[in-house]
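Let's take a walk through a protein together, one stop at a time. Have the picture open and follow along as you read.

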Amino acid sequence: MTATINSKTIITVNPVCPNSLSLRSYAKDVSESGVLDQDEILEDETVDSITDVYTVSQLRQKAQDNLEPFFGITYSFISKLDLDSSLSRVLRSRCSRCRFVIAEGLLSCSHELCPGRGQAFSAITGFDLLVDLTDHTGTLQSCSLRSPAAEMFLGCTPEEFTSLTDDQRTTMKWKFLLERCKVYVKILPSMKTKPGIKGIVVSCSLAEPAEVKQHVCSLQQL
């Protein structure tokens with residue numbers, strides 16, 4: 001059966017009724033959970049296959065010219081890394097089956113379409129950070145840095161991180177903050193961000209000075 005619209009059809013914009021409120025709440029929860037995001041879908045790309053180098057402004061320009069997700073490398077400073085904020089802003093638990101975010105204290109997945117509903121609950125806790133990447137051309141804000149890429153970058157598991165003192169977390173933060181890094185990033189369009197694009201860190205490591213000089217000089221000559 002297919003619904004059709006004709007001259008007698010009445011359309012109510014933003015209806016207020018139990019069903020519409022429930023649907024709106026569900027859509028909001030799904031959106032905020034990240035279950036619909038493409039950031040964990042890395043397709044068939046591996047770090048070794050990502051070779052194109054960009055400045056931050058070039059990443060933005062290519063994203064505007066091409067609405068398809070793409071991968072690249074940028075030699076940028078980590079200008080925001082809130083490792084010393086509350087644990088809930090650094091670590092996040094997700095359902096191991098559908099990746100829906102699990103609120104603190106819950107022992108079940110609330111995602112109505114989870115394939116594991118009715119089965120034993122299983123959750124995975126990992127890093128879920130938002131970092132800013134900055135170079136001489138600008139800043140790419142609120143890039144997603146999640147496990148396992150975050151664990152490789154920080155050299156620390158979520159379990160080890162929870163055992164650190166506040167001072168130790170601050171020390172770890174300043175080990176990487178404002179340091180030039182070699183960042184493998186996935187760029188994709190996003191309606192949730194003001195620039196209209198979202199960056200997902202695939203891999204990140206402190207950059208070698210000689211490598212930075214070589215690539216930055218070549219980009220400036222373009």
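To talk about pieces of the chain we need names for them: helices are DSSP runs of H or I with at least four residues, strands are DSSP runs of E with at least two, and both are numbered from the N terminus. With that in hand, here is a spot to find: α5 is followed by Leu-178, and the phi of Leu-178 is positive, near 65 degrees. What you're looking at is a predicted model, where local features need pLDDT of at least 70, side-chain atom pairs count only at pLDDT 80 or more, and totals for chains, interfaces and linings use all residues. Residues are numbered from 1 along each chain as its sequence is written, and side-chain values use heavy atoms, with hydrogens and water left out.

Now step back for the overall layout. The protein has six helices and six strands. Starting at the N terminus, their order is α-α-β-β-β-β-α-α-α-β-β-α. To sort residues by how hidden they are, we call them buried under 20% relative accessible area, exposed over 50%, and partly exposed in between, using a 1.4 Å probe and protein chains only. On that scale, 37% of the 222 residues are buried. The areas come from the Shrake-Rupley method with a 1.4 Å probe, and for residues only the protein chains shown count as cover. The protein exposes about 13700 Å², with carbon and sulfur atoms supplying 53% of that.

How about links between parts of the chain? Two residues are in contact when they have heavy atoms within 4.5 Å. Take the contacts with a separation of 6 or more: 63% of them join residues 24 or more positions apart.

Next, look at helix α2, residues 56-65. Which of its residues are buried? They are Val-56, Leu-59 and Ala-63. These three sit on the same side of α2 because they cover an arc of only 60 degrees around the axis, where the arc is that of the directions from the helix axis to the C-beta atoms. The buried residues of α2 pack against β1, β3 (123-135), β4, β5 and β6 (197-206). Turn to the face pointing away from that buried side and you'll meet the exposed residues Gln-64 and Asp-65.

Helix α5 can be read the same way. Its buried residues are Arg-169, Met-172, Lys-173 and Phe-176. They cover an arc of only 105 degrees around the axis, so they lie on the same side of α5. Their cover includes β1, α3, α4 (158-162) and β6. On the other side of α5, Asp-167, Thr-171 and Lys-175 are exposed.

Stay with Arg-169 for a moment. Is Arg-169 buried or exposed? It counts as buried, because its relative accessible area is 9%. If you leave aside neighbours within four places in sequence, Arg-169 is in contact with Leu-83, Asp-84, Leu-87, Phe-161, Thr-162 and Leu-164. Just past this helix, Leu-178 lies in the loop between α5 (166-176) and β5 (180-189).

Let's move on to strand β4. Gly-138 is in this strand. The C-alpha atoms of Gly-138 and Thr-55 are separated by 8.4 Å, although the two residues are 83 residues apart along the chain. Neighbours within four places aside, Gly-138 is in contact with Val-56 and Leu-133. Ser-142 is also found in β4, and it has a positive phi near 55 degrees without being a glycine. Ser-142 counts as partly exposed because its relative accessible area is 30%. Further on, Pro-148 sits in the loop between β4 (138-146) and α3 (149-154). A cis peptide bond joins Ser-147 and Pro-148, with omega about 5 degrees.

Our last stop is a hole inside. The structure holds one cavity of 30 Å³ or more. On a 1 Å grid over the protein atoms alone, a cavity is a set of points where a 1.4 Å probe fits but cannot get out, and lining residues have an atom within 4 Å of a point. Grid points are joined across faces, edges and corners, and the volume is the space filled by probe spheres set on the points. The largest cavity has a volume of about 50 Å³. Among the residues lining it are Tyr-54, Thr-55, Tyr-75, His-136 and Arg-180. The elements that give two or more residues to this lining are β1 (70-80) and α6 (209-220).

Definitions and conventions:
On a 1 Å grid over the protein atoms alone, a cavity is a set of points where a 1.4 Å probe fits but cannot get out, and a pocket is an open set with protein on both sides within 12 Å along at least five of seven lines; lining residues have an atom within 4 Å of a point.
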